Amino acid sequence: MAKKLSALLDQPLQGLLFDLDGTLVDSVPDLAVAVDAMLAAANLPLAGESRVRTWVGNGAKVLVQKALAFAQNCELAELDDAELAQQQQQFFKYYRQSSGQHSALYAGVMPALQHWHSQGIAMAVVTNKPAEFIPHILKQFALEDFFTVCLGGDSLPQRKPQPAPLIQACAALAVPLDRCVMIGDSQIDVAAARAAGMPVACVNYGYNQGQPISAANPDVVVGSLLELCA
Ligand SMILES: O=C(O)COP(=O)(O)O
Ligand SMILES: [Mg+2]
């Protein structure tokens, strides 16, 4: 049995911050459809789901950059800014169509959120996904009532691994940082939590750029959010 969340704090737990992609929802199937539709429209080779899985975590711009660099067989730095901006709009267009079609809620997420909700724990989503895509996904999986605060990768000037969105989410939840735990799937979540001075629990089923999450040294690793429930 994994360490309980309360064991990570000196004070009683009051708040939880959740990563979205790879932690609550397996969204890669729909992201991959949109990436490949963007590449197909530009007559470029398709990436496929298994590659896209290793590119998610740093937000849409980095995902599009990695896809274009792969398809054009070049370095990220060689990409043209104007083309990148245009392809990102294409990607958004296709993701608006594909989002939610083949995404799935991970096992254990619903009962774990219900548990913490019933305990009165304040909960927020802090994702690098662009904010416009968050409400639809939460609604599709009936998660929207659990979260009083949702921040996307473009909600603030800084995104994870910077601590700003975590600090902002705690402030919006009115929960002190030292009573809050970040729950994510990638080294980006671990780095953001460390920078905010917050403990971090990670799931082992997410994306983490193809690396085992244990390499990022989170405070606890679990195979299901249910393992974190007291
Ligand atoms: O959209 C991404 O790149 C990652 O989103 P996440 O922060 O919810 O994992
Ligand atoms: Mg994630």
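In this predicted model, the shell around ligand 1 takes at least three residues from domain 1 (5-26 + 103-228) and at least three from domain 2 (28-98). Among the residues in that shell are Asp19, Leu20, Asp21 and Gly22, along with Val56, Gly57, Asn58 and Gly59. Leu63, Thr127, Asn128 and Lys129 belong to the shell around ligand 1 too. Here is how the shell divides by residue character:

| Character | Residues around ligand 1 |
|---|---|
| nonpolar | 3 |
| polar | 6 |
| charged | 3 |

Let's look at one member of this shell, Asp19. The UniProt annotation "active site", from an unreviewed entry, covers Asp19. You can find Asp19 in the loop that runs between strand E1 (15-18) and strand E2 (25-26). Is Asp19 buried or exposed? Asp19 counts as buried because 29 other C-beta atoms lie within 10 Å, and the cut-off for buried is 20 or more. Leaving aside residues up to four places away in sequence, Asp19 touches Val126, Thr127, Ile183, Gly184, Asp185 and Asp189.

Now turn to helix H7 (residues 164-173). Which residues of H7 are buried? They are Pro165, Leu166, Ala169, Cys170 and Leu173. Seen down the axis of H7, these buried residues fall within an arc of 135 degrees, so they line one face of the helix. What do the buried residues of H7 pack against? Their partners are E1, strand E4 (122-126), strand E5 (149-151), strand E6 (180-184) and helix H8 (187-196). Just after H7, Ala174 has a positive phi of about 60 degrees.

Definitions and conventions
Residues are numbered from 1 along each chain as its sequence is written. Chains are lettered from A and ligands numbered from 1 in the order in which they are written. This is a predicted model: local features need pLDDT of at least 70, side-chain atom pairs count only at pLDDT 80 or more; totals for chains, interfaces and linings use all residues. UniProt positions are given in the numbering used here, feature names are shortened, and annotations may be inferred rather than shown by experiment. Helices (H or I, at least four residues) and strands (E, at least two) are DSSP runs, numbered from the N terminus. A residue is buried if 20 or more other C-beta atoms lie within 10 Å of its own, exposed if 12 or fewer, and partly exposed in between; C-beta atoms are placed from the backbone. Two residues are in contact if their C-beta atoms, placed from the backbone, lie within 7 Å. A residue is near a molecule or strand if its C-beta atom, placed from the backbone, lies within 6 Å of it. Ala, Val, Leu, Ile, Met, Phe, Trp, Tyr, Cys and Pro count as nonpolar, Asp, Glu, Lys and Arg as charged, and the others, Gly among them, as polar. Domain bounds come from an automatic or database domain assignment. The arc is that of the directions from the helix axis to the C-beta atoms.
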